[in-house]
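User: I would like a close look at a single part of this structure, with an explanation suited to a first-year student. Please show the structure and then take me through that part step by step.

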Amino acid sequence: MLKKFLIPFCLFALLSGFALAQNIAEDADNAPRPVKLVPPPPAGPVYIRCGALFDGKSDQLEQNIVITIERDRIKQVSKLSPPAGAQIVDLSTLTCLPGMVESHTHVFLQGDRKPGQYDAQLLKQSVAYRAIEATTAAHAALDWGFTTIRDLETEGAGYADVDVRNAINNRLVWGPRMQVVGRAMDVTGAYPLQPAYAWDVMVPIGVQTVDGVEGARKAVREQLSHGTDWVKVYADRGGRIHDNINDTIPTFTLDELRAIVDEAHREHHRVAAHATGLMGVHDAVEAGVDTLEHGNYIAPEDMKTMVAKGIWFVPTPYVAEYDVQWRAERAGTQPKESPGLKIEEDTFRRALQAGVKIAFGTDVGAFEWDMSPARQLVTMVKWGMTPAQALHTATIRGAELMQMQNDIGTVEAGKYADIIAVQGNPLNDISQMQKISFVMKGGVVFKK
Ligand SMILES: [Zn+2]
């Protein structure tokens, strides 16, 4: 009796499933057709006449350079004049550079350092609204001359960064090339908003809560299945200063961190670790993460391990300066000398000395997107880098961190035509990098 119904039922289910699949797999004529704000690159060759060029390979400027661009790539960099009648972009009063690379951004944050800012975004804004704001932040990044960014978590907005990245790649909206992490990972009880509200009030948490070795592996698998590029962990929290050391509370156990790194590497993805102090940094470095974020204090032994393992250091000094500044403004006092900032400076100088690989990243989004992250280059020069070294961290070094050095990071034949220009000579005055006059991404002029 059961069989009699079962066979027709199965046949019906099969056919209706097929019909549904037919409905989703629409032909090209019926496909949705969104408005695309970004045009494709011009079909014919374009010649950019640069007054000077910092190509990202050498430490010097070269005068009077012509960059030939075909579609989205650089064809030639030379001193030859463009042919008669050619399509020319005249930047002969400006210095051209490779588009900058920002290795630590948060497009889903519009400021989180001041009291209440973070909570308001998670509690009062929908993910949809925050995604719209994220596209305006991405637009701002490009406007500041950053043609590539690594965005290190959405802070409660799930995997919406994957969508922003894809929308940019599909030319729907203007923005830099993006690598994204979706949700970061932290252990139970360590990340806002949960510890900040009454225990019986349900609030969102800015990360994915992950506990235990098995939980860690599962979380990596789950996150990567949603199309993220990197995995990010919070390796420590809190912190108190003693004996010129920033001493933090490690979050994950070393076994948990190792499981996260191993699982990510097994799937050919890499791990970024937020770690600001002694033991957090130590555990992250021991576990073999690929990039160390902030690293306000790094012990000399851990620095050696970083060099040996090739772990990147992404120091973020500007955000601490920003804190000192706004707190003084709010209190109506002069900015106080910050012991934390002194430790950061010392760590930065030691890392430079030790030959740790350093890439430029600021944590922008923690401070608002209406100021250029390039202001941090000034701090990096103040703390001992040459202007050329600082520019390399924000171009070719960032490209290497993202394993995109064959496509971006220098102005060279074969790479994407990601080119920016400024007035004057940034090797004499690095603050010029905050005033970008021209931005081209992939052969398309965004700002002129
Ligand atoms: Zn961050």
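Analyst:
**A salt bridge within one helix, and its surroundings**

In this predicted model, the side chains of R266 and E263 meet in a salt bridge, with 2.9 Å from N to O. Some background may help: side chains of opposite charge can pair when their charged atoms come close. Both R266 and E263 belong to helix α6, which covers residues 254-266. They stand 3 residues apart, or about one turn of the helix.

The two partners are placed in contrasting surroundings. E263 is buried, its relative accessible area being 0%. R266, by contrast, counts as exposed, because its relative accessibility is 51% and the cut-off for exposed is over 50%.

A second pair, in another helix, may be set beside this one. D346 and R350 form a salt bridge of 3.1 Å, N to O. They are 4 residues apart in helix α10, a separation of about one helical turn. D346 is partly exposed, at a relative accessible area of 40%, and R350 is also partly exposed, at 21%. Returning to helix α6, the pair of R266 and E263 belongs to a wider arrangement: salt bridges with shared partners join R217, R221, D262, E263 and R266 into one network.

The count for the whole structure comes to 19 salt bridges. One of them connects the side chains of R113 and D323, at 2.5 Å from N to O. R113 lies in the loop between β5 and α2, whereas D323 lies in helix α9 (residues 317-331), so this pair ties together parts that are 210 residues apart in sequence. D323 is buried, with a relative accessible area of 6%, while R113 counts as partly exposed at 32%.

A link of another kind completes the comparison. The structure holds 1 disulfide, formed by C50 and C96, whose sulfur atoms are 2.2 Å apart. In general terms, a disulfide is a covalent bond between the sulfur atoms of two cysteines. C50 is in strand β1 (residues 46-53) and C96 in strand β4 (residues 87-98), so the disulfide ties together parts that are 46 residues apart in sequence. Both cysteines, C50 and C96, are buried.

To return to the part under study: R266 and E263 are paired within helix α6, with E263 buried and R266 exposed.

Methods. Residues numbered from 1 in each chain as written. Predicted model: local features only at pLDDT ≥ 70, side-chain atom pairs only at ≥ 80, totals over all residues. Heavy atoms only, no water. Disulfide = S-S within 2.5 Å. Helix = DSSP H or I, 4+ residues; strand = E, 2+ residues; numbered from the N terminus. Buried < 20%, exposed > 50% of the residue type's maximum accessible area, 1.4 Å probe, protein only. Salt bridge = Lys/Arg side-chain N within 4 Å of Asp/Glu carboxyl O.
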